[in-house]
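This briefing goes through a predicted model of two protein chains. It takes the interface first, then one residue at that interface, then a pair of helices.

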Amino acid sequence: MDIKFTRSGGFMGGLFEKKISQEHLPSDLQNIVQNLIENKAQYKKIKPSEQLRDGFVYSLEIKKLSPKLKLTFDDGNLPAELSSLVNHFLTSE
Amino acid sequence: MKKCNCFCSIIPPDMVDNLKKNGVDVGKGMANADRGFRMRRKLKIASMGAIQPLVGNANRIVYDCQHTTNRQLALVRNEGAAASVDVSVNNAYDFAGKVREFYRTVLGWNSIDNNGLDIILNVHYSKKYNNAFWDGSQMTFGDGDGVIFVDFTKSLDVAGHEMSHGVVQYTANLTYSGQPGALNEHYADAMGIAIKQYALGQTAQTSDWLVGADIMGPQLQGMAIRSMKAPGTAYNHPLLGRDPQPDNMANLYTGAADNRGVHINSGIPNKVFYLVSIGITTVSATKLWFETLKVLKPMTNFKGFKTAIKKMAKKMVNAGKLPATTIGIVDSAFATVGL
């Protein structure tokens, strides 16, 4: 199952994209993704930070789910339990 | 869609949806307009002495995120406390002091909200975090990855930029999308560079007019994030791509990325500010810009901004607050960028 990660915005206003298969993630991050899928309704309720300026906007898209799951967070509302997953997308080769 | 030459070259359609999701709809714009009106009314009433609002002390409060994404995690320095052993803590504290001083001394504005709001600063956010941001109530700084960027607390103009987003929120509250969003970014850049010049004793003629030059990584020395003097020339390197900022309306970015180009199209008003500063000094230009900010609306676009600046320039010239040459210099600067 492919996970597409996108980061946009920031002080510079750039865009970063990466796609990784769930099975290629470390096991702890696979668990985070599984939790994300199981609790998608809760994560979908998170609203964009209205006054965020220069913050990054993160999007995680899980493609082979039906319907397709796409969740969007930003630096003002990123759940702490997702920060290691975001960092993995940003730093892995 | 025009090509974006920042980190990316392709912006997929689903990203467009994502950006739209993070934009501001008409309903929200109306709510912002109402909020701005109420805020201006409150300031006017307060200035007339009709009420005595509670005024804060504009204290600086620095927290260490300890490389997590938890803000206000560990209090490390409060107003008046001794310096820390942590350079980032001291940078954030000292630069916030310089920003606060500039707003108070030059612009007669008390902290972020003109009501002495405490200045909350978070340092060491996340790991190798290449950014700094304002979230509506506080500032947050990353350490950089050491390759593209270094510690974001090292730059006074970045500190001024982020705190000025707060000031914009409490004044015009410019919507963060399209041209109003580019004006929001422009004001943050203009105030940031004006604060740096003031603190370093520079003039419009001696300043480098570069935003973020102090936080560029080792391979990017001499470059910056934006150039207000020559938008589009701040960087050109394989690590970063090429600076996409236009300096003229003929090259206005009309795509969906970056909240419809808030960090891209800010190059156009940035150039205007540079030209006016060269003509009447940066301090005078900053006063003109700031008085105008107080009357802008959340949805003001570039044309509306030009009209407002010209109107304010006439008012301030007539009041003897700006030189008579200001009006011609402003006209010429806007004409140079195609406005």
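## Interface between chains A and B

Chain A and chain B bury about 3100 Å² between them, and carbon and sulfur atoms give 54% of that area. Three residues, Phe11(A), Met12(A) and Arg53(A), supply 28% of the area that chain A buries against chain B, more than any other three residues. The model is predicted, and the totals for the interface use all residues.

**Contacts across the interface**

- On the chain A side, 29 residues are in contact with 47 residues of chain B.
- Polar contact joins 13 residue pairs between chain A and chain B, counting pairs with both residues at pLDDT 80 or more.
- The number of salt bridges between chain A and chain B is zero.

**The side of chain A that touches chain B**

- Four strands of chain A, E1 (2-9), E2 (14-21), E3 (56-62) and E4 (69-74), and helix H3 (83-91) each supply at least two residues of this side.
- The largest share comes from E3(A), which gives five residues.
- By class, this side of chain A has 12 polar, nine nonpolar and eight charged residues.

**Arg71(B)**

- Arg71(B) sits in the loop between strand E1 (60-64) and strand E2 (74-78) of chain B.
- Its side chain reaches across to chain A, where the backbone oxygen of Gly76(A) is at 3.5 Å.
- Apart from neighbours within four places in sequence, Arg71(B) is in contact with Asp75(A) and Gly76(A) of chain A.
- Under that same condition, its contacts in chain B are Cys65(B), Asn122(B), Tyr125(B), Phe133(B), Asp135(B), Gln138(B) and Thr140(B).

**Helices H5 and H7 of chain B**

- Helix H5 (residues 178-200) and helix H7 (residues 267-280) of chain B pack at an angle of about 35°, and their axes are 8 Å apart.
- The crossing of H5(B) past H7(B) is right-handed.
- H5(B) contributes Leu183(B), His186(B), Asp189(B), Ala190(B) and Ile193(B) to the contact, while H7(B) contributes Pro269(B), Asn270(B) and Phe273(B).
- The residues of this contact between H5(B) and H7(B) comprise five nonpolar, two polar and one charged.

How values were computed:
Residues are numbered from 1 along each chain as its sequence is written. Chains are lettered from A and ligands numbered from 1 in the order in which they are written. This is a predicted model: local features need pLDDT of at least 70, side-chain atom pairs count only at pLDDT 80 or more; totals for chains, interfaces and linings use all residues. Side-chain values use heavy atoms; hydrogens and water are left out. Contact means heavy atoms within 4.5 Å. Buried area is the accessible area (1.4 Å probe) that two parts lose on being put together, summed over both. A salt bridge is a side-chain nitrogen of Lys or Arg within 4 Å of a carboxyl oxygen of Asp or Glu. A polar contact is a pair of N or O atoms within 3.5 Å; within protein, one must be able to donate a hydrogen and the other to accept it, and residues adjacent in sequence count only if both atoms are side-chain atoms. Ala, Val, Leu, Ile, Met, Phe, Trp, Tyr, Cys and Pro count as nonpolar, Asp, Glu, Lys and Arg as charged, and the others, Gly among them, as polar. Axes are lines fitted to C-alpha atoms, for helices over the stretch in contact, and angles run from 0 to 180 degrees between N-to-C directions. A crossing is left-handed if the near helix is turned anticlockwise from the far one by less than a right angle, and right-handed if clockwise.
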